[in-house]
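Here is a short report on one protein chain. Keep the sequence and the 3D view at hand as you read.

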Amino acid sequence: MNSTEEMPVVVIAVEGRKFYAILQDNPAAHGFAGLLPLTVEMQDLNGNEKYHYLAGRLPTESEPVEMIRAGDLMLYGSDCLVLFYEDFATPYSYTRLGQVEDAAGLADALGLGSVTITFRIEE
């Protein structure tokens, strides 16, 4: 995928529900798109995010984000995929991968504890 192409929409399927995320146009998001489809078990952290360590590393453009929004899809370090489901302020740095278009119901769908999530390119 080159930079003149439109970034794909990613379907995030969890517990029988679908959410749609628009990817950023950056090397990390391009690398993530190349991994799809991907089904992973994501663990809960702090009651506001799900995370999963990828088998490989993605390019990073880590920056302090200051504010997390529900539906942010980020990369922590070069191999930790994070899907946030609550809004909050943060001092941490992330590489932005994408954003869920409508995060209403995302927290309920993700629930507490670990959850299996499938990420795939919308066809």
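Helices are DSSP runs of H or I with at least four residues, numbered from the N terminus. Gly31 is found in helix 1. The model is a predicted one.

**Around helix 1**

Gly31 has a relative accessible area of 23%. That value makes Gly31 partly exposed, because the middle class runs between buried, under 20%, and exposed, over 50%. Ala55 is 24 residues from Gly31 along the chain, and their C-alpha atoms are separated by 13 Å.

Helix 1 also holds Phe32. Which type of pair do the rings of Phe32 and Phe119 make? A pair of aromatic rings is described by the distance of the centres and the angle of the planes. By the pairing rule, the count comes to six aromatic pairs. For Phe32 and Phe119, the centres are 5.7 Å apart and the planes stand at 80°, so the pair is edge-to-face. This pair links distant parts of the chain. Phe32 sits in helix 1 (residues 27-35), Phe119 sits in strand 11 (residues 115-121), and their positions lie 87 residues apart in the numbering. Both Phe32 and Phe119 are buried.

**A second ring pair**

Phe84 and Tyr94 also form an edge-to-face pair, because their ring centres are 5.4 Å apart and their planes are at 90°. Phe84 belongs to strand 8 (residues 80-84) and Tyr94 to strand 10 (residues 93-100), so the pair ties together parts that are ten residues apart in sequence. Both Phe84 and Tyr94 are buried. The two residues belong to one aromatic cluster, formed by Tyr76, Phe84, Phe88, Tyr92 and Tyr94.

**Charges**

Now turn to the charged side chains. How many salt bridges does the structure hold? It holds two. In one, the side chains of Asp44 and Lys50 meet, at 2.9 Å from N to O. Glu63 forms a salt bridge with Arg96, and their closest N and O atoms are 3.9 Å apart. Glu63 lies in strand 5 (residues 63-64) and Arg96 in strand 10, so this pair ties together parts that are 33 residues apart in sequence.

Are the partners buried or exposed? Lys50 is buried, with a relative accessible area of 0%. Asp44 is partly exposed, at 23% relative accessibility. Glu63 is partly exposed, at 39%. Arg96 is partly exposed too, at 27%.

Negative charge also gathers in a patch on the surface, made of Glu101, Asp102, Glu122 and Glu123. Glu101 lies in the loop between strand 10 and helix 2 (106-110). Its relative accessible area is 57%, so Glu101 is exposed.

**Backbone details**

Leu36 and Pro37 are joined by a cis peptide bond, with omega about 5°. Pro37 lies in the loop between helix 1 and strand 3 (38-45).

Two residues with positive phi are listed here. Neither Glu15 nor Asn46 is a glycine.

| Residue | Phi | Loop | Relative accessible area |
|---|---|---|---|
| Glu15 | near 50° | between strand 1 (9-14) and strand 2 (17-23) | 59%, exposed |
| Asn46 | about 65° | between strand 3 and strand 4 (49-53) | 62%, exposed |

Terms used: Residues are numbered from 1 along each chain as its sequence is written. This is a predicted model: local features need pLDDT of at least 70, side-chain atom pairs count only at pLDDT 80 or more; totals for chains, interfaces and linings use all residues. Side-chain values use heavy atoms; hydrogens and water are left out. Rings of Phe, Tyr and Trp (its six-membered ring) pair if their centres lie within 6.5 Å; planes under 30 degrees apart count as stacked, over 60 as edge-to-face and the rest as tilted. Helices (H or I, at least four residues) and strands (E, at least two) are DSSP runs, numbered from the N terminus. Buried means under 20% relative accessible area, exposed over 50%, partly exposed in between (1.4 Å probe, protein chains only). Patches are made of residues with over 30% relative accessible area and no salt bridge: like charges are joined within 9 Å, nonpolar side chains (Val, Leu, Ile, Met, Phe, Trp, Tyr) within 5 Å. Accessible areas come from the Shrake-Rupley method with a 1.4 Å probe; for residues, only the protein chains shown count as cover. A salt bridge is a side-chain nitrogen of Lys or Arg within 4 Å of a carboxyl oxygen of Asp or Glu. Lys and Arg count as positive and Asp and Glu as negative; His and the chain ends are not counted. The place of a charge is taken as NZ of Lys, CZ of Arg, CG of Asp or CD of Glu.
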